[in-house]
Amino acid sequence: MSKRILTLIPVAALLAISSAHADSLIQSLNRVDNSLNKVQNTIHGTQNTIRDGQNKIDNTQRAIGEIQDGTYVEKRVENQVRQQKRRAVNGLINKSSNAIRKATNTY
């Protein structure tokens, strides 16, 4: 029996060391994963900033072209009218949906 216990002691010690090493390895992998996530978020933020800047340049160039053509004011008015129509329709849809919900007591 004592021989069996002596055989199990090195195995138990090896398992304890392996477990500690595995925990350390998992912590290291988690740190690497967090670092990669931070880098990925930074890249996405930079891409969004570049895209926003390019959109501003494109909008400015389009506006300059419209001013040169003399259509700038006309197109701005068309856009405003289109937006107001869209808002009016959406408002009516929301009001009718709310009225239906109130009438049927479904929220």
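Here are some notes on this predicted model, point by point.

1. Overall make-up. The protein has two helices and zero strands. Of its 107 residues, buried ones account for just 2%. The exposed area comes to about 9,600 Å², and carbon and sulfur atoms supply 60% of that. Keep the burial figure in mind for E66, which turns up in several of the points below and counts as buried.

2. The helices. Helix α1 covers residues 2-69, and helix α2 covers residues 72-104. For α2 there is a span to check: its 33 residues reach 48 Å from the first C-alpha to the last, close to the 48 Å expected at 1.5 Å a residue. After α2 comes N105, with a positive phi near 55°.

3. Where E66 sits. E66 belongs to helix α1. Its relative accessible area is 6%, so it falls under the 20% cut-off and is classed as buried. What does E66 touch once its neighbours within four places in sequence are left aside? The contacts are T71, Y72, K75 and R76. Two of these, K75 and R76, come back as salt-bridge partners of E66.

4. Salt bridges, in general and in number. Side chains of opposite charge can pair when their charged atoms come close. How many salt bridges does a search of the whole structure find? The answer is three. The next points take them one at a time.

5. R62 with E66. These two form a salt bridge, with the closest N and O atoms 3.9 Å apart. If you go by the 4 Å limit, 3.9 Å is within it. R62 and E66 are four residues apart in helix α1, so about one helical turn separates them. R62 is partly exposed, at a relative accessible area of 45%, whereas E66 is buried at 6%.

6. K75 with E66. Here too the closest N and O atoms are 3.9 Å apart. K75 has a relative accessible area of 35%, which puts it in the partly exposed class.

7. R76 with E66. This salt bridge has an N to O distance of 2.7 Å. The pair links distant parts of the chain, with R76 in helix α2 and E66 in helix α1, 10 residues apart. R76 is partly exposed, with a relative accessible area of 27%. Put together, salt bridges that share partners join R62, E66, K75 and R76 into one network.

8. The nonpolar patch. On the surface, I67, Y72, V73, V77 and V81 make a nonpolar patch of about 440 Å². Which helix gives the most to the patch? Helix α2 does, with four residues. Y72 is worth a second look, as it is part of the patch and also one of the contacts of E66.

9. V73 as an example. V73 is one of the patch residues, and its place is in helix α2. Is V73 buried or exposed? Its relative accessible area is 59%, so it passes the 50% cut-off and is classed as exposed.

Technical notes: Residues are numbered from 1 along each chain as its sequence is written. This is a predicted model: local features need pLDDT of at least 70, side-chain atom pairs count only at pLDDT 80 or more; totals for chains, interfaces and linings use all residues. Side-chain values use heavy atoms; hydrogens and water are left out. Patches are made of residues with over 30% relative accessible area and no salt bridge: like charges are joined within 9 Å, nonpolar side chains (Val, Leu, Ile, Met, Phe, Trp, Tyr) within 5 Å. Accessible areas come from the Shrake-Rupley method with a 1.4 Å probe; for residues, only the protein chains shown count as cover. A salt bridge is a side-chain nitrogen of Lys or Arg within 4 Å of a carboxyl oxygen of Asp or Glu. Buried means under 20% relative accessible area, exposed over 50%, partly exposed in between (1.4 Å probe, protein chains only). The expected span of a helix is 1.5 Å times one less than its number of residues. Contact means heavy atoms within 4.5 Å.
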